[in-house]
Amino acid sequence: MDILSLNHLPLVAIVLAFILYYVSKRAYPSPYPGIPFNATSANKFWGDSSGLLDAVKITQDPAKFIFQQNRKLNSPVIQLFLAPLSNPTIIIDDVREVKDILSNRTHEFDRAPRTQDAYRSLLPHCSLVKATGPAFKHQRRFWEGVTGTPFLRRVAEPKMYRCALGLIDLLRAQAKMAGGRPFYCFDDFDVAAFELIWELVFGTNVDAIKNARNKVLCQTSDTAQPPSLNSPARIPVIQKPDMCEAVSFFISTVAKSLKSVSQTWHLWYLRQQPVYKRKLAFKNSTIDGLIEKTRSKLAGLSEGQLMELEESSALVTGVRRQLLAHIRQGQPVNVPFPASVQAEIHDELFMILVAGHETKAVLLSWSVKFLIANPEKQEKLRKALVDALPKGSNGEQPSVKSILSTSIPYLEAYMEESMRAANTSPRLVRRTTTDTQVLGYSIPKGVTVILNPYIGTQPLDIPEHLRSETSRNSKGNFESYWDVNGMDDFQPERWLAEDGSFNPRQFPRLGFSAGPRMCYGRNLALMEFRVNLVLLVLNFKFESLPKDLDSMESQQRLFRMPRQCYVRLSPL
Ligand code: HEM
């Protein structure tokens with residue numbers, strides 16, 4: 001044995017040296033030819049990731065650092081080395097080309113595996129993790145009912161009005177308790193957003209807003225408030241429904257895994273945690289139970305009755321369609337769905353809950369911060385609303401129909417500017433599915449590409465002939481791509497045409513992305529945002545806050561959200 005080892009020593013040494021050489025070569029960045037990069041980062045084991053981590057410690061905003069590098073290198077296409085032992089990531093910072101890639105070049109750019117893996121560990125069968133192909137399109141079509149106008153009008157409108165009024169009542173109770181002091185409000189928005197999306201997906205009422213308000217009313221008289229009117233008020237912590245907590249928990253695990261250098265291990269580690277297992281078991285049993293209950297209820301209906309059945313929730317839509325498919329294929333309906341069918345419905349429903357919950361609360365929080373930071377625009381918006389939506393003779397609130405159907409250009413401009421400035425998804429990530437070219441740079445197949453959807457950075461000069469054909473052809477689709485006066489300030493007026501009408505084509509709009517992977521809940525989100533914003537502005541004056549509670553800084557969870565979210569309300 002000893003002789004054998006000694007004889008093999010040189011060979012072992014050579015193999016080891018080769019492995020070491022290979023690992024060290026792979027570990028250090030290996031740039032793609034012709035694409036600008038930070039020369040100093042190319043010599044570092046950690047590449048650009050150490051700079052990114054340092055910047056994030058200060059700004060908590062990775063997108064800011066990433067796209068600053070385009071400016072630093074003066075190029076709309078660059079490469080960054082964001083993790084050792086991996087290929088460079090391509091960064092594209094030009095709004096016209098980004099819109100074109102998202103809208104017209106899906107055969108070259110598709111969902112990135114990193115995004116797919118982050119969601120796949122939780123929702124392996126949902127459409128979000130599928131590549132843009134026939135299976136994705138088929139699964140999406142399955143849910144068209146719940147994103148279509150008839151469902152939104154008939155089912156979503158009354159529910160969103162009830163939730164928005166509930167939110168107003170909750171804030172009114174909290175404002176009274178606060179007695180002119182500021183108070184934290186993100187959880188109010190969060191619980192209201194959850195209540196609505198839960199009702200639309202599962203059709204049952206969780207009463208979270210009402211419970212939160214009752215708790216405030218019970219504790220108002222026996223809670224001592226801080227002496228200073230500039231200190232945050234003591235108001236009861238909002239008790240969120242267990243499923244709301246579970247959704248937030250899973251969103252944070254997805255966000256953590258997306259940030260991780262070794263995603264696979266990180267996901268594995270997260271899944272081993274007892275809290276993950278507990279929440280997963282709770283989610284699985286709750287949702288599977290609801291699907292089975294609905295299946296057994298609807299299984300007694302004939303094909304004709306199922307055809308006639310009004311869709312009252314995403315759950316009913318999914319189960320009804322599956323039962324119809326089974327009847328038409330001659331399969332039994334009086335037994336639980338096969339596991340694969342059950343899993344697909346389950347994951348799709350939970351996907352809507354995950355994707356359609358926190359985003360809405362984050363957008364509403366930003367829009368309220370813009371109201372506080374811009375008191376004259378807040379007044380202008382209120383005046384536009386009061387003029388267009390007068391209260392009833394008994395002071396009753398405007399109806400949901402009038403809020404949604406009255407044209408109010410300044411409101412539309414305010415919403416659009418909030419979407420732009422909030423920039424809730426500051427990085428859209430794709431992977432090249434073929435060797436391709438962007439703005440004259442060659443990008444190989446299989447590369448992760450980060451796109452900047454923010455409308456507000458001055459575009460770099462790019463000769464027109466370097467743009468793709470579709471990008472050149474769509475140049476005239478927008479009045480402009482940049483405002484010569486700069487776009488750092490919050491300026492709803494930039495969306496108004498000379499005649500005072502709202503001009504949606506003034507600048508591109510990418511807050512919900514574009515193309516086949518564009519946000520699936522855009523119409524619902526915009527309706528809900530409108531109803532909430534109108535009722536908030538008509539019912540409260542958003543007063544200024546002490547400086548230490550008024551930061552406009554952001555933090556990146558799954559979305560770019562405000563670091564602080566306080567209000568000081570004067571009920572109107
Ligand atoms: C203000 C609220 C919202 C914002 C700002 C928002 C924004 C976005 C963005 C930027 C994307 C990424 C698209 C891409 O990668 O190109 C997305 C995807 C998605 N959103 Fe939303 N969203 C919102 C609300 C909602 C709601 C209410 C729902 C559900 C009812 C929803 C469901 C989805 C789904 C399912 C996807 C994945 C689409 C795919 O399959 O690729 N979102 N959203």
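Here are legends for three close-up views of this predicted model.

**View 1. Helix H10 meets helix H11.**
Take a look at H10, which spans residues 186-202, and H11, which spans residues 208-219. Their axes come within 8 Å and cross at roughly 145 degrees. On the H10 side, Val191, Ala192, Phe194 and Glu195 make the contact, and they face Ala208, Ile209 and Ala212 of H11. Sorted by class, this contact holds 6 nonpolar residues and 1 charged residue, with no polar ones.

**View 2. Helix H10 meets helix H18.**
Here H10 is shown with H18, the helix of residues 358-373. The two axes come within 8 Å, and the crossing angle is roughly 140 degrees. H10 and H18 are therefore oblique to each other, and their crossing is right-handed. From H10, the residues to pick out are Phe186, Phe189, Asp190 and Ala193. In H18, their partners are Glu358, Lys360, Ala361, Leu364 and Ser365. The contact of H10 with H18 includes 5 nonpolar, 1 polar and 3 charged residues.

**View 3. The shell around the ligand.**
If you would like to inspect the ligand site, you will find 22 residues surrounding the ligand. The closest of these are Ala355, Gly356, Ser513, Cys519 and Gly521. Three helices each supply at least two residues of this shell: H17 (339-355), H18 and H23 (522-539). H18 thus links two of the views: this helix contributes to the shell and also meets H10. By class, the shell around the ligand has 12 nonpolar, 8 polar and 2 charged residues.

Key: Residues are numbered from 1 along each chain as its sequence is written. This is a predicted model: local features need pLDDT of at least 70, side-chain atom pairs count only at pLDDT 80 or more; totals for chains, interfaces and linings use all residues. Axes are lines fitted to C-alpha atoms, for helices over the stretch in contact, and angles run from 0 to 180 degrees between N-to-C directions. Helices (H or I, at least four residues) and strands (E, at least two) are DSSP runs, numbered from the N terminus. Two residues are in contact if their C-beta atoms, placed from the backbone, lie within 7 Å. Ala, Val, Leu, Ile, Met, Phe, Trp, Tyr, Cys and Pro count as nonpolar, Asp, Glu, Lys and Arg as charged, and the others, Gly among them, as polar. Angles under 35 degrees count as roughly parallel, over 145 as roughly antiparallel, 65 to 115 as roughly perpendicular and the rest as oblique. A crossing is left-handed if the near helix is turned anticlockwise from the far one by less than a right angle, and right-handed if clockwise. A residue is near a molecule or strand if its C-beta atom, placed from the backbone, lies within 6 Å of it.
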